[in-house]
Amino acid sequence: MVAMSSTARELSSGSSSFAVPGKLAVLACPPALCPHLEFGASGVLSSPVSLTWTAQPGMPGFLFAGLEWRASPGTAGRVAGALRRLGHITFETVEGPSPGCDAERYSYTPDLGLHRAAIAANGDVVVGEAALRALLERGEARETLARGLHRLLGTAWDDVLEPLRRGAHGAPVTWLRRTG
């Protein structure tokens, strides 16, 4: 995930009494879709979003931007759901843990689609027992097991996103704070 820092703006919260931190890293967006992405994020966050866009060195002709917020649990999933409908963008969104819920990361590329993973405090992907048991119960060959583990870990997404993450270090970020 991209390291983010910028000036914070205060927002009032909706109905949640518990807010968790969230981050969005738009790693590659065609310039024509930037206003649509901001509009989609604004709808989910119930606040106007105006991002600072910078050229993505890893994908000439594309832009990247970052956004941070504090909002109700589940916001990162709602942001991911709204933005994936735009199609030709590449992004990650992360949400911190909340009572009874692990932290989670959503990664999206146009070719691979959306991948959701629970993440540990150090950023490692956490694969649950039920997912591992289901993979083992298929009783398939070692190669198939390895492919299944890579799918659960999101390896294909990381392979695509890592060069774009490196290009986005130091990107300007918009901070939104929802309190309440």
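Colleague: In which helix do Glu162 and Arg165 both lie?

Modeller: In this predicted model, Glu162 and Arg165 form a salt bridge, with the closest N and O atoms 2.8 Å apart. The two residues are 3 apart, about one turn of the helix. The element that holds both is helix H5, residues 155-167.

Colleague: Does Arg165 count as buried or exposed?

Modeller: The cut-off for buried is under 20% relative accessible area. Its partner Glu162 has 32% relative accessibility, so Glu162 counts as partly exposed. Arg165 has 7% relative accessibility and therefore counts as buried.

Colleague: Which residues do salt bridges with shared partners join into one network?

Modeller: Glu162 and Arg165 form one salt bridge, and Glu92 and Arg105 form another. Through shared partners, salt bridges join these residues and one further residue, Asp158, into one network. The members are Glu92, Arg105, Asp158, Glu162 and Arg165.

Colleague: How many residues apart in sequence are the parts that Glu92 and Arg105 tie together?

Modeller: The closest N and O atoms of the Glu92 and Arg105 salt bridge are 3.8 Å apart. Glu92 lies in strand S5, residues 90-95, whereas Arg105 lies in strand S6, residues 103-109. The pair therefore ties together parts whose separation in sequence is 13 residues.

Colleague: What is the relative accessibility of Glu92?

Modeller: A residue is called buried when its relative accessible area is under 20%. Arg105, at 13%, counts as buried. Glu92 also counts as buried, and its relative accessibility is 0%.

Colleague: Which helix holds Glu129 and Arg133?

Modeller: Glu129 forms a salt bridge with Arg133, and their closest N and O atoms are 2.7 Å apart. Glu129 has 53% relative accessibility and so counts as exposed. The two residues are 4 apart, or about one helical turn, in helix H3, residues 129-137.

Colleague: How many salt bridges does the structure hold?

Modeller: The pairs include Glu129 with Arg133 and Glu162 with Arg165. Another is Glu92 with Arg105. The count for the structure is 7.

Colleague: How many charged residues are in the lining of the largest pocket?

Modeller: The largest pocket has a volume of about 160 Å³. Among the residues that line this pocket are Met59, Phe62, His88, Thr109 and Asp111. By class, the lining has 7 nonpolar and 3 polar residues, and the number of charged residues is 1.

Technical notes
Residues are numbered from 1 along each chain as its sequence is written. This is a predicted model: local features need pLDDT of at least 70, side-chain atom pairs count only at pLDDT 80 or more; totals for chains, interfaces and linings use all residues. Side-chain values use heavy atoms; hydrogens and water are left out. On a 1 Å grid over the protein atoms alone, a cavity is a set of points where a 1.4 Å probe fits but cannot get out, and a pocket is an open set with protein on both sides within 12 Å along at least five of seven lines; lining residues have an atom within 4 Å of a point. Grid points are joined across faces, edges and corners, and a volume is the space filled by probe spheres set on the points. Ala, Val, Leu, Ile, Met, Phe, Trp, Tyr, Cys and Pro count as nonpolar, Asp, Glu, Lys and Arg as charged, and the others, Gly among them, as polar. A salt bridge is a side-chain nitrogen of Lys or Arg within 4 Å of a carboxyl oxygen of Asp or Glu. Buried means under 20% relative accessible area, exposed over 50%, partly exposed in between (1.4 Å probe, protein chains only).
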